[in-house]
Amino acid sequence: MEVIVKATGLKKYYGEGEALVKALDGVDLEIERGKFTAIVGTSGSGKSTLLNMLGGLDVPSEGSVRIGNQELSKLSAEQATIFRRKQIGFIFQNYNLVPVLTVWENIIFPISLDNRKPDKKFIMKIVKLLGLENKLDSFPTQLSGGQQQRVAIARALSTKPSIILADEPTGNLDSGTSDDVVSLLKMTSSQFHQTIVMITHNPEIAACADRVIRIEDGRLAYVSANICD
């Protein structure tokens, strides 16, 4: 299988001396294209730090992250911003939708920032898959939490990114809606051969991934995952 993300010797240290915190302490990680990976760990274990490193939102103290053929450390701040917008789709716990934009405008927002034309046929396929075809003219405040998260998923997919990074995407949802969102993520991973890396504290949700990575004290331990229905 093709490796789409490779982290090598990844470290992130804060402070010094007795106040030194090793958020990441030498992480080597490869993620295959088209796979759904879950990252689990207790609070403070380093999982959010790892996700931020993989997404180029933070800079490691040591080590490197490569997405496709691009090493993130080689990019300037402006180049990194453009690369993230085109190659990385983010799904956040709080949705991060723009309240004054409609559902459709939110979905194509990252594309419009680059003055590109959206692939409407492709995006409508996503929209229908996520059951949003009757909500395109609605505003985020008119949607339920589950519907807002579906819009966030559609937005993340709309740019045809190399990888989608999801930070506790079910954290604000009830258990039934959480199950629906995870099923949709797994479905989009399968339908569009999309690489997804998701942080979750819920072991039942993590078990739906192709692989589970447990992080403890800034180091990785791999755990076999069950494939859910």
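## T49 in helix α1

T49 lies in helix α1, which covers residues 47-54. In this predicted model, T49 has a relative accessible area of 15%. The cut-off for buried is under 20%, so T49 counts as buried.

Which residues does T49 touch, leaving out those up to four places away in sequence? They are K12, A23 and L24. K12 falls within strand β1, residues 3-14. A23 and L24 fall within strand β2, residues 21-32.

## The β1-β2 hairpin

Strands β1 and β2 run antiparallel. Nine bridges join them. One of the paired positions is V3, whose bridge partner in β2 is E32.

Six residues sit between the two strands of this hairpin. Among them is G15, which takes a positive phi near 75°.

A general point helps when reading strands. Side chains in a regular strand alternate between the two faces of the sheet.

## Helix α2 and its cover

Helix α2 runs from residue 77 to residue 87. Its buried residues are A80, F83 and R84. Why do they share the same side of α2? They cover an arc of only 100° around the axis, and that puts them on one side of the helix.

Several strands help cover these buried residues. They include β4 (62-67), β5 (70-71) and β6 (88-92).

## The chain as a whole

The chain has 229 residues. Its secondary structure comes to eight helices and ten strands. The C-alpha trace spans about 55 × 40 × 35 Å along its principal axes. A compact globule with 229 residues would have a radius of gyration near 17 Å. The chain has 17 Å, so the two agree.

Buried residues make up 47% of the chain. The exposed area is about 11400 Å². Carbon and sulfur atoms supply 46% of that area. Now take the contacts between residues at least 6 apart in sequence. Of these, 71% join residues at least 24 apart.

## Confidence in the model

The average pLDDT of the chain is 90. A score of at least 70 is reached by 97% of the residues.

Which elements have the lowest and the highest mean pLDDT? Strand β10, residues 219-223, has the lowest, at 79. Helix α3, residues 103-107, has the highest, at 97. Where pLDDT is low, the predicted coordinates should not be read in detail.

Key. Residues are numbered from 1 along each chain as its sequence is written. This is a predicted model: local features need pLDDT of at least 70, side-chain atom pairs count only at pLDDT 80 or more; totals for chains, interfaces and linings use all residues. Side-chain values use heavy atoms; hydrogens and water are left out. Buried means under 20% relative accessible area, exposed over 50%, partly exposed in between (1.4 Å probe, protein chains only). Helices (H or I, at least four residues) and strands (E, at least two) are DSSP runs, numbered from the N terminus. The arc is that of the directions from the helix axis to the C-beta atoms. Contact means heavy atoms within 4.5 Å. Two strands pair if DSSP finds at least two bridges between them. The radius of gyration is taken over C-alpha atoms; the globule rule is 2.2 Å times the number of residues to the power 0.38. Accessible areas come from the Shrake-Rupley method with a 1.4 Å probe; for residues, only the protein chains shown count as cover. pLDDT is the predictor's confidence in each residue, from 0 to 100.
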